[in-house]
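User: I would like a close look at a single part of this protein, with the surroundings brought in where they help. Please take it slowly and keep each statement tied to residues I can find in the viewer.

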Amino acid sequence: MPVAPQLPLRLRRFRVDVGTIITVVILVESLLLIALGYWGSQRLVSRIGESAHQADHLRIEDRTIAFLNHAATAVRAMSESPSLQTGGEGNSQSGELIWTLLQQSPELDSIYVAAADGRMLMVTRHPEPAVVNMKAEPQGTTEVWHFKPPASDSTDVQARFQTVRVETLHTQYQPTERGWYKSALSAGRDGAVWSQPYVFAAQHEELGVTYSLPAWRRAADGSTQQLVAAGDVTLGRLSEFVRLFSRDGSGEAALLGTEFQVLARSDVEGNVKQLDVPRGGVLGAVHARMLAGGGARAAAETNFALDLEGRRYLVRTSHLPSTNWLLVSWVPEDALLGGLRRNVLWLLALVLASLGIILVVSLRLSKVVTLPVEQLSRIARRIGRFDLDNIPRVPSRVLEIQQLDQALDDSARGLKAFRKFVPVDLVNQLVDEGHTLTPTGEPRRITAMFTDIEGFTRISEAIETKVLVDQLTEYFNVATRVIARHGGTVDKFIGDAIMVLWGAPSALDDAEYKACVAALDLQAELAALNARWATQGRQAFVTRIGIHTGTAVVGALGSNDRLAYTAFGDTINVASRIEGVNKELGTQVLLSEATFEGLKGRLRTRRVEEVALRGRLSKMVLYELVSASDTSTLPGQ
């Protein structure tokens, strides 16, 4: 037979693609399947069980940490209040602040602040909602309890804070002698501590823990006033949340103190009544094993299996960073893996009968291909949300994954260059709400605001460009932060002016009130900014604001290949004209009558005589926004 001519060999750069990987893996793993099939399936089930239990444990841990952090955040927010006092003229204001923080913090049972002179201001839920003023003296402590109505769904904040009765008690309670007070002071100015569990004196001898931190104030005479802010979490409330956190999984969980005392557990109904180590049951066996392993520190971040009464349990433990408490979770292995084990055995038999290699191939592919694909998927979602900072690269020898990683990196770098020119939050909101990003518009009732800096041309001519840009940037940062806090959407920056919408792109209840409150807050924060600028020898900015409510055409407007989400129409024009009237009247914030009617008397205003607006034939009645009202009895004008 003739011999075919031998073709010269061509050297090619080595590349690996998914098809090659799958083929090689299948061929190699098929040789090992008969010997290692059963062992591999058991390892698979065990790993799945451990992963599922780990995910459940981490979920409980994250929620517990969030629970403690939320409680700590409420106490820290109270401590950072400039007007926080335990007595004197600011006592009522401090009481309202602490009451509000407690209402917003279901994790806390009480929150309070104590001073070195023995005064203490406390708000508590138990035995009844109350604000308590304490004054410690050598012969004892006088406690004045201002009881509030029981908790309800009423939206009338003043009614919920109304005092229904007052009781005066004489006790031997000394705030400055309590452990939480001393621990906070010993922690230093920036320290904060969680106490060991103890019996609460004011809550019918219930057990709990306290989070406390020092808060220092400058007194009127120039001396330093020493305060300690604290909040209580009863073990009953902690148990409720642990049971709630564990309910979503198939196992149980418990919190142990630094000395193994049971603080909360989900496997036993009711609250912890006394501090004791766990005895009996799975938790008791876990405790015995941890003692044998060297104590609670040996149990940190570990997982193991435990056999008890003919049943096997998967156990995982970890320490909570802020309290050093031990979180223990356990789940019966058969409840978690029983069905999975049977299915794996059946699948293994079928795979062995047909030279089944699919299971092992899937395992290998999940490590080689799935992980980087999942990482790239997360990166793609971040890019879709315009979250472009610190985008990681995903190294891989798989050619397709390399190409996809490079493409995503190119996309991220390209979008990052233009992100500052695009209203990212607005784009995300439009996409989330299903708006088509094509030229569209619809009539919608909105509240529009225009702001303008008084005498900006004169200011810009008087100071250097760099200083002017720095000041404008600070001003815009403050303004956009205030606007976002009150639900507004910045439509555009027009030189030194800002156009803001309330009620677009999403409908917004009470838009008039929120816009006016935002205007007052902007004036207040600008005053603080001007005060700081004054110390730096910089020019002050005086902002004039015009607000009008009405119907405008709102939508993504522009050409087919370039859009801007904005609004136009008479409402927008009138809002701009109203802002300009401030210059003529010497005012700072003017409202139209439509906006004024939406306030319903909740803010203080002053009626201005009818004013002729440029470009309009009829005159308009305007109102000057003076200040936020403190009570509901203030007149509407």
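Analyst: What follows is a walk through one sheet, centred on one of its strands, and then through some other places in the chain. The model is a predicted one, and local features are described only where pLDDT is at least 70.

The sheet is built from five strands, which form an open arrangement in the order 11-10-14-13-12, with antiparallel pairing. At its edges lie strand 11, residues 262-265, and strand 12, residues 302-308, each of which pairs on one side only. Direction ignored, neighbouring strands of this sheet are turned against each other by 25 degrees on average. Strands of a sheet pair through backbone hydrogen bonds, in either a parallel or an antiparallel sense.

Strand 10 is a useful place to look in detail. Strand 10 covers residues 252-256 and pairs with strand 14, residues 326-332, in the antiparallel sense over five bridges. With strand 11, strand 10 also pairs in the antiparallel sense, here over three bridges. Leu255 can be followed in both directions: Leu327 in strand 14 stands opposite Leu255, while Ala264 is the bridge partner of Leu255 in strand 11. The link from strand 10 to strand 11 is a hairpin with five residues between the two strands, and in its turn Phe260 has a positive phi of about 70 degrees.

How enclosed is strand 10 by the rest of the structure? Four of the five residues of strand 10 are buried, so this strand is largely enclosed by the rest of the structure. The cut-off behind that reasoning is that a residue counts as buried when its relative accessible area is under 20%.

A helix also belongs to this picture. Helix 6, residues 281-292, packs on the sheet and touches strand 10, strand 11, strand 12, strand 13 (311-319) and strand 14, and its direction makes about 120 degrees with that of strand 12.

Helix 4, residues 179-186, can be read in a similar way, starting from its buried residues. Trp180, Tyr181 and Ala184 are buried in helix 4, and because they cover an arc of only 100 degrees around the axis, they lie on the same side of the helix. The buried residues of helix 4 pack against several strands, namely strand 1 (110-115), strand 2, strand 6, strand 7 (198-199), strand 8 (207-218) and strand 9 (224-234). Just after helix 4, Gly188 takes a positive phi of about 90 degrees. Asp190 follows in the loop between helix 4 and strand 6 (193-194), and at 76% relative accessibility Asp190 counts as exposed. Asp190 and Pro214 are 24 residues apart in sequence, yet their C-alpha atoms are 7.4 Å apart in space.

Ser79, which has its place in helix 1, counts as buried at 6% relative accessibility. Leaving aside residues up to four places away in sequence, Ser79 touches Leu84, Leu213, Ala215, Arg217 and Ala229.

The charged pairs add another view, since a search of the whole structure finds 21 salt bridges. One of them joins Asp56 and Arg59, with the closest N and O atoms 2.3 Å apart. Both residues of this pair lie in helix 1 (residues 18-79), three residues apart, or about one turn of the helix, and Asp56 and Arg59 are both buried.

Glu128 and Arg165 form another salt bridge, with 2.9 Å between the closest N and O atoms. This pair links distant parts of the chain, with Glu128 in the loop between strand 2 (119-124) and strand 3 (130-137) and Arg165 in strand 5 (residues 165-171), 37 residues apart. Glu128 is partly exposed at a relative accessible area of 30%, and Arg165 is likewise partly exposed at 32%.

In a further salt bridge, between Lys492 and Asp491, the closest N and O atoms are 2.4 Å apart. Lys492 counts as partly exposed at 32% relative accessibility, whereas Asp491 counts as buried at 14%. Finally, Asp452, Glu454, Arg544 and Glu579 are linked in a network of salt bridges.

Definitions and conventions: Residues numbered from 1 in each chain as written. Predicted model: local features only at pLDDT ≥ 70, side-chain atom pairs only at ≥ 80, totals over all residues. Heavy atoms only, no water. Pairing = 2+ DSSP bridges. Axes fitted to C-alpha atoms, helices over the stretch in contact; angles between N-to-C directions. Contact = heavy atoms within 4.5 Å. Salt bridge = Lys/Arg side-chain N within 4 Å of Asp/Glu carboxyl O. Buried < 20%, exposed > 50% of the residue type's maximum accessible area, 1.4 Å probe, protein only. Arc of directions from axis to C-beta.
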